[in-house]
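Let us walk through this structure together, one neighbourhood after another. Have the view ready to turn as you read.

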Amino acid sequence: MDDISPLPYVEVGKLIGLLVYLEDSDGKVDIYMIPEDIEIEADELISLLRLAQMLGFVEVREGDVFITDIGRELVDGDENKRKLIFKESLKKLPIFKKVINILIKATENSIDKDDLLELLQEEMSDVEAEETLKSIIELGRYAELIGYNPEDKEVYLDKLEEI
């Protein structure tokens with residue numbers, strides 16, 4: 001794989017909740033006020049902010065967090081609009097580009113979860129690979145970009161015609 005960064009694992013609902021909180025706070029919040037305001041642990045906040053930055057939903061400058069225009073669009077959108085914004089943002093991440101290419105080339109556009117984990121482990125530590133895989137499945141499923149069948153432990157392209 002090429003240059004890919006590990007993804008932190010976050011729940012989509014918590015990420016959207018953070019964006020709603022930022023929007024309700026006039027789009028800007030002192031980063032040190034967030035854990036107390038929304039009752040979140042610092043480690044989880046760091047993961048949320050890191051992913052939100054990677055997706056272009058927030059910017060962090062001089063101790064403040066700012067919601068971006070695309071972050072505002074996501075907050076203001078209905079569920080379908082949110083999924084579409086998520087999908088387009090995920091497709092820009094190198095890790096998702098790689099996984100999508102792997103799935104496009106795979107038989108029936110699917111791959112065993114453990115095989116995908118092994119490919120990720122070639123690029124990052126075991127812990128980072130496991131967290132990244134968990135995040136790929138969580139985010140990909142929400143955006144209807146990547147699917148996961150827990151019975152067969154298969155990761156697959158959700159809607160190939162829309163990629």
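A good place to begin is an open sheet of 3 strands in the order β4-β6-β5, paired in the antiparallel sense. The edges belong to β4 (110–112) and β5 (146–149), each of which has a single partner strand, so one side of each is left without a neighbour in the sheet. Ignoring direction, neighbouring strands here are turned by 25° against each other on average. Please keep in mind throughout that this is a predicted model.

Now look at how β5 is held in this sheet. It runs antiparallel to strand β6 (residues 154–157), and 4 bridges join the two. One pairing to pick out is that of Tyr148, whose bridge partner in β6 is Val155. In general, strands of a sheet pair through backbone hydrogen bonds, either parallel or antiparallel.

Two helices lie across this sheet. Helix α6 (residues 94–105) lies across β4, β5 and β6, and runs at about 95° to β6. Helix α7 (residues 113–121) also lies across β4, β5 and β6, running at about 80° to β4.

From the sheet, follow α6 outward to its helical partners. Which residues does α6 use to meet α8? Helix α8 (residues 126–142) packs against α6 at an angle of about 80°, with the axes 12 Å apart. An angle between 65 and 115 degrees counts as roughly perpendicular, and that makes α6 roughly perpendicular to α8. On the α6 side the contact is made by Ile95, Phe96 and Val99, and on the α8 side by Thr132, Ile136, Leu139 and Gly140. By class, these residues divide into 5 nonpolar, 2 polar and no charged.

The other partner of α6 to visit is helix α5 (residues 79–92). Here the packing angle is about 90°, and the axes are 5 Å apart. Again the arrangement is roughly perpendicular, α5 to α6. Leu90, Lys91 and Lys92 of α5 meet Pro94, Phe96, Lys97 and Ile100 of α6. This contact has 4 nonpolar, no polar and 3 charged residues. Phe96 is worth a pause, since it takes part in the contact with α5 and also in the contact with α8.

Lys91 has a further role to show you within α5. Its side chain meets that of Glu88 in a salt bridge, 3.6 Å from N to O. Both residues lie in α5, 3 residues apart, about one turn of the helix. Lys91 is partly exposed at 21% relative accessibility, and Glu88 is partly exposed at 37%. Also look for Lys81, which forms a salt bridge with Glu73, with the closest N and O atoms 3.7 Å apart.

Next, turn to helix α1 (residues 12–24). It packs with helix α4 (residues 69–76) at an angle of about 105°, with the axes 9 Å apart; the two are therefore roughly perpendicular to each other. Ile16, Leu19, Val20 and Glu23 in α1 meet Arg72, Leu74, Val75 and Asp76 in α4. The class count for this contact is 5 nonpolar, no polar and 3 charged residues.

Where does α1 reach a distant part of the chain? The side chains of Lys14 and Glu44 meet in a salt bridge, with an N to O distance of 2.8 Å. Lys14 sits in α1 and Glu44 in helix α3 (residues 42–54), 30 residues apart, and the pair links distant parts of the chain. Lys14 is partly exposed, with a relative accessible area of 37%, and Glu44 is partly exposed as well, at 28%. A search of the whole structure finds 7 salt bridges.

The last stop is strand β3 (residues 64–67), where both faces are covered: Asp64 and Phe66 on one side and Val65 and Ile67 on the other are all buried. Strand β1 (residues 28–30) runs antiparallel to β3, joined by 3 bridges, and Asp30 stands opposite Asp64. Strand β2 (residues 58–61) pairs with β3 in the antiparallel sense over 4 bridges, with Phe66 as the bridge partner of Glu59. β2 and β3 form a hairpin with 2 residues between them, and Glu62 in the turn has a positive phi of about 50°.

Technical notes:
Residues numbered from 1 in each chain as written. Predicted model: local features only at pLDDT ≥ 70, side-chain atom pairs only at ≥ 80, totals over all residues. Heavy atoms only, no water. Salt bridge = Lys/Arg side-chain N within 4 Å of Asp/Glu carboxyl O. Buried < 20%, exposed > 50% of the residue type's maximum accessible area, 1.4 Å probe, protein only. Axes fitted to C-alpha atoms, helices over the stretch in contact; angles between N-to-C directions. Parallel < 35°, antiparallel > 145°, perpendicular 65-115°, else oblique. Contact = heavy atoms within 4.5 Å. Nonpolar A, V, L, I, M, F, W, Y, C, P; charged D, E, K, R; others polar. Pairing = 2+ DSSP bridges.
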